[in-house]
Amino acid sequence: MLSDGRFPYSAPASRRAFLHRVGRWGAGLAFTTATSSLWPPLPVWAQGTADTLRERFIVRSINPEDFETRVERLDSWITANDLLFVRSHMYTPNVVLKNWSLRVDGEVERPLILTFDRLKEFGEFTVPVTLECTGNGRSFYEPHVPGVQWGKGAVGNARWTGVRLADVLKKAGVKPTGRHVIVDGADVPIGKMPDFIRSVPIEKALHPATMLAYRMNDAPLAPSHGFPLRLVVPGWGGASWTKWVTRITVSPTESDNFFMQTAYRYPTKPVAPGAAVDPKDMAPVTEMEVKSLIAKPSEGAQLPSGPIKVTGFAWAGEADVTRVDVSTDLGRSWNAARLGKDQARYAWRAWEYTFTAKSRGAVTILSRATDSRGRIQPIVPAWNPSGYLWNVVDKVRVNIT
Ligand SMILES: Nc1nc2c(c(=O)[nH]1)N[C@H]1C(S)=C(S)[C@@H](COP(=O)(O)O)O[C@H]1N2
Ligand SMILES: [Mo]
């Protein structure tokens, strides 16, 4: 923060940037923003040009914000801030930085209350990490499962900047009884809904890659993505990445919250599609699966004959993607795609593959990733009652004209 208490990157960098920001808000709001010294960045729906929200996203819900990225828009290793999907169970809280603090308590020697200034003293670092909603692909499960009907686009890759959760916990001094770290955010439940509180086991919380992030792709977090502070849990599904963090409680046990004990759980052994599962045979969802995504061409595209370039991304939780194979003959043969040069632990790999269709008519393109643990995308999904962790071989059908 600046010496006069302003939040440095929330101020417009220039007169041009300022006019750009306020231009689409109209004079009334411009006045409010101009006179407020602590305004957070624009919400996701107001970024870019105002009329393009639905061009960038499939809006699953406008408020709470559940915005699925249109995957054909994913054309770079880093996903732009106005393109990264949004998943919020509740309304986006309006956090005012000067009233915000982070409380660290529970099984610690020295409970802390940290202002944003103090938090930044822990020493920041930046890493690209892929974020995927645990329910991404839910709409493809058969039989149908309730929940946000995500297609393929609840995933993206951003460069996160923040401090190590481990450094904050070390400052507080975790007692030997501290086995889980419970993280709560400023969002408040709607109606009778339970609050959104999640916990991560102490080993993952103390891992040097686990971060309390305040910047995304070098910009302050947008309110939709957790302004001013969110958890980044590399390799794990988005449900663990608590947004709008205000409180971190070290505990001997997992959080007893609904979103740990009832939601976001996965069968510990195989179950028949549609079958109910005994709660004792369920465990919290943690890591993401090995998975690939075809970004282009789009489903149903009409393409002239000639070379067809297929592009996409692949990721594998805490493991590394080692290869992506593509089939254009319904899985009879597979050919290696070329992996992009950009890579980082916990970040997806771009891939591309070019082929020439043998004849006109329908062609099905399949993509299949393999990872450093030898995991490979399946052709048939494993069933789970809430539709998490969909990672079946991806498929796009096009028509060669
Ligand atoms: N406080 C809070 N944190 C949250 C959520 C939420 O509803 N409340 N949603 C979670 C889920 S389910 C996902 S997939 C990610 C989505 O992050 P994004 O909106 O930045 O893409 O945030 C997670 N963090
Ligand atoms: Mo999610």
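Here is a short conversation about aromatic pairs, strands and a pocket in this predicted model.

Reader: Why is the pair of F116 and Y214 called edge-to-face?

Author: Happy to walk through it! The ring centres of F116 and Y214 are 5.5 Å apart and their planes stand at 70°. Centres within 6.5 Å make a pair, and planes over 60 degrees apart count as edge-to-face, so F116 and Y214 earn that name. By this rule the model has 15 aromatic pairs.

Reader: What makes F116 and Y214 a link between distant parts of the chain?

Author: F116 belongs to helix α4 (residues 116-120), whereas Y214 belongs to strand β10 (residues 211-216), and 98 residues separate them. Both F116 and Y214 are buried.

Reader: Why is the pair of F140 and W390 called tilted?

Author: Between the planes of F140 and W390 the angle is 50°, and the centres are 5.5 Å apart. Stacked needs under 30 degrees and edge-to-face needs over 60, so an angle between those limits is called tilted. This pair also joins distant parts of the chain, 250 residues apart: F140 lies in the loop between β6 (125-132) and β7 (155-164), and W390 in the loop between β23 (361-371) and β24 (394-400).

Reader: How do you know whether F140 is buried, partly exposed or exposed?

Author: Its relative accessibility decides. Buried means under 20% and exposed means over 50%, so F140, at 35%, counts as partly exposed. Its partner W390 has 13%, so W390 counts as buried.

Reader: What makes you say that a charge sits over the ring of F125?

Author: The charged end of R164 is 4.1 Å from the centre of the F125 ring, and the distance limit is 6 Å, with a further limit on direction. R368 sits over the ring of W334 in this way too, with its charged end 4.1 Å from the ring centre.

Reader: R164 makes me curious about β10. What makes β7 and β10 a pair of strands?

Author: Two strands pair if there are at least two bridges between them. β7 and β10 have five bridges, in the antiparallel sense, and one of the contacts sets R164 opposite its bridge partner M211 in β10. β10 also runs antiparallel to strand β12 (residues 230-232), with three bridges; there L212 has L231 as its partner.

Reader: How many bridges join β10 to β11?

Author: Two bridges join β10 to strand β11 (residues 219-220), again antiparallel. In the hairpin of β10 and β11, two residues lie between the strands, and N217 takes a positive phi near 50°.

Reader: Why is β10 called mostly covered?

Author: Six of its six residues are buried.

Reader: What makes β17 and β20 edge strands?

Author: The open sheet has five strands in the order β17-β24-β23-β19-β20, with mixed pairing. β17 (302-303) and β20 (335-336) each have a single partner strand, so one side of each has no neighbour in the sheet. For β17 that partner is β24, which runs parallel to β17 through two bridges; Q302 is matched with N399.

Reader: Which residues are closest to the centre of the largest pocket?

Author: F140, K152, E299, D394 and K395 are closest, out of 31 lining residues. The pocket holds about 670 Å³ of space. β16 gives the largest share of the lining, five residues, and the lining divides into 15 nonpolar, seven polar and nine charged residues.

Methods: Residues are numbered from 1 along each chain as its sequence is written. Chains are lettered from A and ligands numbered from 1 in the order in which they are written. This is a predicted model: local features need pLDDT of at least 70, side-chain atom pairs count only at pLDDT 80 or more; totals for chains, interfaces and linings use all residues. Side-chain values use heavy atoms; hydrogens and water are left out. Rings of Phe, Tyr and Trp (its six-membered ring) pair if their centres lie within 6.5 Å; planes under 30 degrees apart count as stacked, over 60 as edge-to-face and the rest as tilted. Helices (H or I, at least four residues) and strands (E, at least two) are DSSP runs, numbered from the N terminus. Buried means under 20% relative accessible area, exposed over 50%, partly exposed in between (1.4 Å probe, protein chains only). A charge sits over a ring if NZ of Lys or CZ of Arg is within 6 Å of the ring centre and within 35 degrees of the ring normal. On a 1 Å grid over the protein atoms alone, a cavity is a set of points where a 1.4 Å probe fits but cannot get out, and a pocket is an open set with protein on both sides within 12 Å along at least five of seven lines; lining residues have an atom within 4 Å of a point. Grid points are joined across faces, edges and corners, and a volume is the space filled by probe spheres set on the points. Ala, Val, Leu, Ile, Met, Phe, Trp, Tyr, Cys and Pro count as nonpolar, Asp, Glu, Lys and Arg as charged, and the others, Gly among them, as polar.
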